[in-house]
Amino acid sequence: FHALDPGTVAGDSGTWRFIFTMLALTVAGLFIVSALIGVIATGIDDKLAELRRGRSLVIEKDHTVILGWSDSVFAIVRELSIANESRKRPAVVILAEQDKVEMEEQIREKVADLRGTRVVCRTGSALDLGDLALTNHSLARSIIVLSPGGDEPDSEVIKTLLALTHEGDGPHIVAEIQGPQNLEAARLVGGDRTVIVDKRETIARLIVQTSRQSGAAAVYTELFDFDGDEIYFHSDASLRGSTFAEAVVAYETASVIGLVSPDGHVELNPAMDTVVGDSELVVVAEDDSVLASTSRSAAQVDQARVNTAPVAPEAMSKVLMLGWNERAATVVRELDEYAQAGSTLEILTELGTPDVPTLANLSVTVTLGRTSDRATLDRFDITGYDQIIVLCYSDELPVQRADARTLVTLLHLREIVGDRAKGERPSVVSEMLDDRNRALAQVAHVDDVIVSDEILSLILSQLSENDRLEAVFQDLLDADGAEIYLRPVRDYVLEGEPVSYATVVAAAVQRGETALGYRVSAESDDADANF
């Protein structure tokens with residue numbers, strides 16, 4: 001009692017020897033209790049500091065692991081939080097060489113609503129097996145490997161894949177690679193459980209497709225994110241004996257766009273007389289729960305309103321590319337895949353060294369000059385081009401400076417083009433590095449803006465939830481596969497009176513095409529509805 005309560009000494013009585021002994025015990029007790037409190041407080045502080053450092057083992061299961069840190073993290077977390085709304089206690093675990101507290105603060109600032117998803121951050125290197133074990137990745141649902149910065153980002157990704165696959169089986173992995181030359185090495189290391197996304201090739205293909213089809217970026221965003229309609233796989237035994245044309249018009253609330261054969265081969269928009277058989281359907285729907293209860297379409301098709309006029313062949317194109325970066329050569333090669341023989345491409349760049357690949361359909365002219373200088377742009381017949389592609393100087397300048405150059409170029413283009421109608425002005429597509437600059441680009445009335453990290457984040461998120469979508473995305477973005485087009489609705493149905501959407505779908509089927517949606521003219525710069 002004397003050691004724990006110094007006041008006890010006041011009630012002591014007896015000899016002076018006894019009283020001094022009790023006083024000594026009381027004073028010693030003060031030091032002992034103080035030391036004990038200090039030890040406990042220090043232990044608690046050390047434990048809190050360890051938790052702040054993010055060095056404790058994650059106990060979550062069936063979670064998504066993100067390895068690495070970049071601006072893509074925020075879009076991925078946002079998309080996964082939407083996808084996880086129907087899950088019980090969903091979690092996302094992030095392992096990066098950043099401070100745990102800083103990562104958590106940035107996520108709170110840039111992802112306003114996590115929709116019930118817990119985000120757990122850990123500090124460490126994905127190349128260290130001990131650090132990697134902190135994420136409990138063996139019990140995860142999927143793993144996303146982000147491409148880091150630096151001189152050799154692909155080497156870091158490949159070594160991370162080695163660390164993940166050295167133990168054998170585990171959850172499927174989605175990894176992004178910067179250089180196409182490293183694809184084979186990454187696939188060899190990752191094996192069958194890994195989906196490799198070629199960042200440069202994917203962005204280049206999206207830029208080309210959106211430059212050819214104004215508004216296509218909004219369609220791809222709608223398909224790639226979890227907030228709108230998504231692509232699903234659906235089996236329907238009742239359609240086994242039906243043709244693909246009959247399957248396209250079968251559902252009321254879902255659009256059939258392709259088939260998956262029993263051996264896993266995906267074909268979008270196959271021949272209309274293809275028998276469904278044992279194949280799965282590739283459909284676009286609001287949610288997978290809709291497919292379980294979707295009803296058969298009872299809408300009537302008005303054949304009298306179907307436009308049977310032949311489609312005009314695609315003409316030769318005249319393209320202007322402003323700027324050059326590591327993706328430019330791939331963009332040029334993809335443009336050549338789509339272009340008609342005799343088409344032309346003019347390249348104007350201030351930075352970088354254009355290395356134009358050998359082309360079959362495009363004749364290329366390269367001019368060196370300031371793309372953000374009005375006098376330089378006036379030397380070109382801007383209004384005479386069909387497409388204008390503005391690329392960022394991402395290889396030579398920091399992100400914000402590169403986007404600033406791009407924005408100045410877009411403002412000059414807007415002034416040159418003026419208020420010309422949609423069909424009288426070229427389609428302008430711009431590449432942005434920072435999503436915050438997208439809204440600024442819209443001031444220049446750009447037809448489409450491709451934000452590299454944003455669109456890649458959507459694709460990575462979709463593949464982390466369903467790796468079978470890789471074949472679908474490959475078909476959509478490949479020049480040899482099916483493509484998305486936005487065409488005036490009058491090409492399919494006669495003008496003058498309202499028609500049902502089922503009539504539009506049937507008209508597309510008669511042309512060997514698959515209609516999957518439409519764009520309202522009031523919500524776009526076009527004078528007509530497109531689909």
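Rings of Phe, Tyr and Trp, the last taken by its six-membered ring, are counted as a pair if their centres lie within 6.5 Å, and planes over 60 degrees apart make such a pair edge-to-face. By this rule, the count in this predicted model comes to 5 aromatic pairs. Two of the pairs are set out below.

| Pair | Centre to centre | Angle between planes | Class |
|---|---|---|---|
| W69 and F74 | 5.5 Å | 90° | edge-to-face |
| F224 and F473 | 4.7 Å | 65° | edge-to-face |

The pair of F224 and F473 links distant parts of the chain, since F224 belongs to helix α8 (residues 216–224) and F473 to helix α16 (residues 469–477), with their positions 249 residues apart. F224 counts as buried because its relative accessibility is 0%, and F473 counts as buried at 5%; together with Y220, these two residues form one aromatic cluster. W69 and F74 are both buried as well.

Aromatic rings also meet charged groups: R468 lies over the face of F233, 4.2 Å from the ring centre, while the charged end of K318 sits over the ring of Y385 at 4.9 Å from its centre.

Turning to the strands, an open sheet of 6 strands with parallel pairing runs in the order β13-β12-β11-β14-β15-β16. Because β13 (362–368) and β16 (448–451) stand at the edges with a single partner strand each, one side of each is left without a neighbour in the sheet. Neighbouring strands are turned against each other by 15° on average, direction ignored. Within this sheet, β11 (residues 318–322) pairs with β12 (residues 343–349) in the parallel sense over 5 bridges, and L320 has E346 of β12 as its bridge partner. Helix α13 (residues 399–417) lies across β11, β14 (387–390) and β15 (427–432), and runs at about 165° to β15.

Conventions: Residues are numbered from 1 along each chain as its sequence is written. This is a predicted model: local features need pLDDT of at least 70, side-chain atom pairs count only at pLDDT 80 or more; totals for chains, interfaces and linings use all residues. Side-chain values use heavy atoms; hydrogens and water are left out. Two strands pair if DSSP finds at least two bridges between them. Helices (H or I, at least four residues) and strands (E, at least two) are DSSP runs, numbered from the N terminus. Axes are lines fitted to C-alpha atoms, for helices over the stretch in contact, and angles run from 0 to 180 degrees between N-to-C directions. Contact means heavy atoms within 4.5 Å. Rings of Phe, Tyr and Trp (its six-membered ring) pair if their centres lie within 6.5 Å; planes under 30 degrees apart count as stacked, over 60 as edge-to-face and the rest as tilted. Buried means under 20% relative accessible area, exposed over 50%, partly exposed in between (1.4 Å probe, protein chains only). A charge sits over a ring if NZ of Lys or CZ of Arg is within 6 Å of the ring centre and within 35 degrees of the ring normal.
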